Amino acid sequence: GSSNCCSATADEGFYRSRDLPRVPRHGGSSSLAMLLAVLFGALVALCLFLVCYVNCGTSLSLFSAYAHVGQDERRGSFVAFQSRYLLAYLLAVAADWMQGPYVYALYGSYGFSHAEIAIFFIAGFGSSLVMGPIVGSIADKYGRKKSAVAYCVLYSINCLLKYSTNFKVLVFGRLFSGTATSLLFSVFESWMVFEHRKNGFPEEALSHTFALATLGNGFVAIIAGVAASLLADSWGLGLGYYAPFACATAILAVDAVIIATTWTENYGSGVSTGGVNLVGTLQAAVVDIVSDRRVWMLGLLQSLFEGCMYTFVFMWTPALLGSDSACDGALSLGLVFAGYMVCIMIGSQIFSYVRGAFKGVNIEKLAIFNVLAAVAAMAGATIAILYRGSCYENQTLLLSSFMLFEVCCGVYFPSMGTLKAKYLPEKTRATLMNFFRCGLNIELVIILTQVGKLSFGMVFTLCLLDMLACSVFQVVFHYTNVNSPLPLLPDNTPTSPPVENEVGAV
């Protein structure tokens, strides 16, 4: 999935929001505040320049995927399709971003301890681990559109249950949250790839859609974060920390209606509404993983990169603040987070620029350079943390390394999305995407239970080793496919949808 990024889900608010009650909104070191303000301004300026240069100016015909589509009528059809997908997807992630930063704060306001709150998050990750392959199989068999609507329903139930202060009810809500997260990171992308190919749009345009989704995700994250803060602080009609969850429920309701009325239904290639059981779909996915090296290597690459990314998501706040409470107000965490999101947007535009300007650079080779940059970012962060005496030391190197890593995440998501669209078989696409997340969810559960026992230096050293391993496998993936390529999977061209696949059919 493309939501991704420091693209946090509600679960990722765990380590971010746990520090919010004790971090002042203003104050702290003036030099660090000045550094952050200058860096943020430079990032915004760079992002605006790239967006305009890549998408708006005289370079439109060179860098925009619309030029690849052909005739004006076909181009208009592609833009309409792309808009339908992006509207639904960005509303889905907006609901996620809206309530994510306040999950821990809400639980804390109910009087639960840190240990009890950890149970909530473990329940969410555990639910995603267990239910992911199952809901992916259901999506491939019974329809990705229905599953996208199911995401809206399940996540709405999770938000509504958070109004309760009962421990068991809240744990039950986290089970819905974990299942919904699995749907968010698989069915939206699976639906889009199928429809793109069914309509005969060129493969080059897929990369553009992934890049726009990543760009929009960063923008939506900033807007949703500001809106959630306003709702929780003053505009929430007395609901306090629950106000962002109520707003997220309303967004999900609107999104469900949009999906139900504007999307067509599609299934895994060769899979209809009958004749194939869920066990058979799961078995087919396992066979695809075992028999095709590209499939299992993509899963490994995703687990390695995103394992490092989610660890970073959990740890960036305490790593910047350090263990000295005197450093708590040294940085505006909200501005840091906004900077991360701008970096995500910059990464997405770098991806679009490289794809348009350098025709000879394939996605596999671009991914190698991106992972190597991520290795450099993790190395810089690790050195900054290991060789500092307080949070005021090496802060420029640490913050710059974090920002560089976020740029790499912005390149990673459209790159990985394009690779999965190219190599994953259509008939089990959503199932495989959720299988890929199993290893990630196991890693996240381990992090939640063990991270308090490790120093910041050790955690980021492990992240560096993780990225080094990812870089090795990324090189192997590229050169094995270049020197001894396997034929493209025969079922990556969607079959015609069943008769009942009409807009509005849920």
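# Exercises on a predicted, helical model

**Exercise 1. The surroundings of Tyr151**

Find the residues that Tyr151 touches, leaving out those up to four places away in sequence.

Solution. Apart from those sequence neighbours, Tyr151 touches Ala92, Asp96, Ala180, Leu183, Leu184, Phe188 and Leu252. Contact here means heavy atoms within 4.5 Å. The model is predicted: local features need pLDDT of at least 70, side-chain atom pairs count only at pLDDT 80 or more, and totals for chains, interfaces and linings use all residues. Residues are numbered from 1 along each chain as its sequence is written, and side-chain values use heavy atoms, with hydrogens and water left out.

Next, place Tyr151 in the nonpolar core. Such a core is a set of buried Ala, Val, Leu, Ile, Met, Phe, Trp, Tyr and Cys residues joined through side-chain atoms within 4.5 Å. Buried stands for under 20% relative accessible area, exposed for over 50%, and partly exposed for values in between (1.4 Å probe, protein chains only). The largest core has 142 residues, and those touching the most other members are Tyr151, Phe188, Phe402, Phe405 and Met467. Helix H14 (residues 293-321) supplies the largest share of this core, 16 residues. In soluble globular proteins, nonpolar side chains tend to be buried together.

**Exercise 2. The whole protein**

How many helices and strands does the protein have, and what percentage of the 506 residues is buried?

Solution. Start with the secondary structure, where helices (H or I, at least four residues) and strands (E, at least two) are DSSP runs numbered from the N terminus. The protein has 19 helices and zero strands. Of its 506 residues, 58% are buried. Turn then to the contacts between residues at least 6 apart in sequence: 87% of them join residues at least 24 apart. Finally, the accessible surface is about 18500 Å², and carbon and sulfur atoms account for 69% of it; areas come from the Shrake-Rupley method with a 1.4 Å probe, and for residues only the protein chains shown count as cover.

**Exercise 3. Two helices, H8 and H12**

Compare the end-to-end reach of H8 and of H12 with the expected span.

Solution. The expected span is 1.5 Å times one less than the number of residues. H8 (residues 144-161) has 18 residues; the expected value is 26 Å, and the reach from first to last C-alpha is close to it at 26 Å. H12 (residues 243-262) has 20 residues and should span 28 Å; its end C-alpha atoms are 29 Å apart, which agrees.

Now list buried positions. In H8 they include Lys145, Ser147, Tyr151 and Cys159. In H12 they include Phe245, Ile251, Leu252 and Ile259.

Two polar residues of H8 can then be checked. Lys145 counts as buried because its relative accessibility is 0%. The C-alpha atoms of Lys145 and Ser190 are 9.7 Å apart, with their positions 45 residues apart in sequence. Ser147 is also in H8, and its relative accessible area of 7% makes it buried. Beyond its neighbours within four places in sequence, Ser147 is in contact with Ala139, Leu183 and Val187.

**Exercise 4. Two buried polar contacts**

Which side chains make polar contacts with Glu306 and Thr264?

Solution. A polar contact is a pair of N or O atoms within 3.5 Å; within protein, one must be able to donate a hydrogen and the other to accept it, and residues adjacent in sequence count only if both atoms are side-chain atoms. Glu306 sits in H14 and is buried at 3% relative accessibility. Its side chain makes a polar contact of 2.9 Å with the side chain of Tyr412. Outside four places in sequence, Glu306 is in contact with Tyr412, Phe413, Arg437 and Leu440.

Thr264 lies in the loop between H12 and helix H13 (278-291); at 18% relative accessibility it is buried. The side chains of Thr264 and Glu195 are joined by a polar contact of 3.0 Å.

**Exercise 5. Cysteines**

Why do Cys247 and Cys343 form no disulfide?

Solution. A disulfide is a pair of cysteine sulfur atoms within 2.5 Å. For Cys247, the closest cysteine sulfur is in Cys159, 10.0 Å away, so the pair is too far for a bond. For Cys343, the closest is in Cys47, at 8.9 Å, again too far. The count comes to zero disulfides. As to exposure, Cys247 is partly exposed at 26% relative accessibility, whereas Cys343 is buried at 0%.
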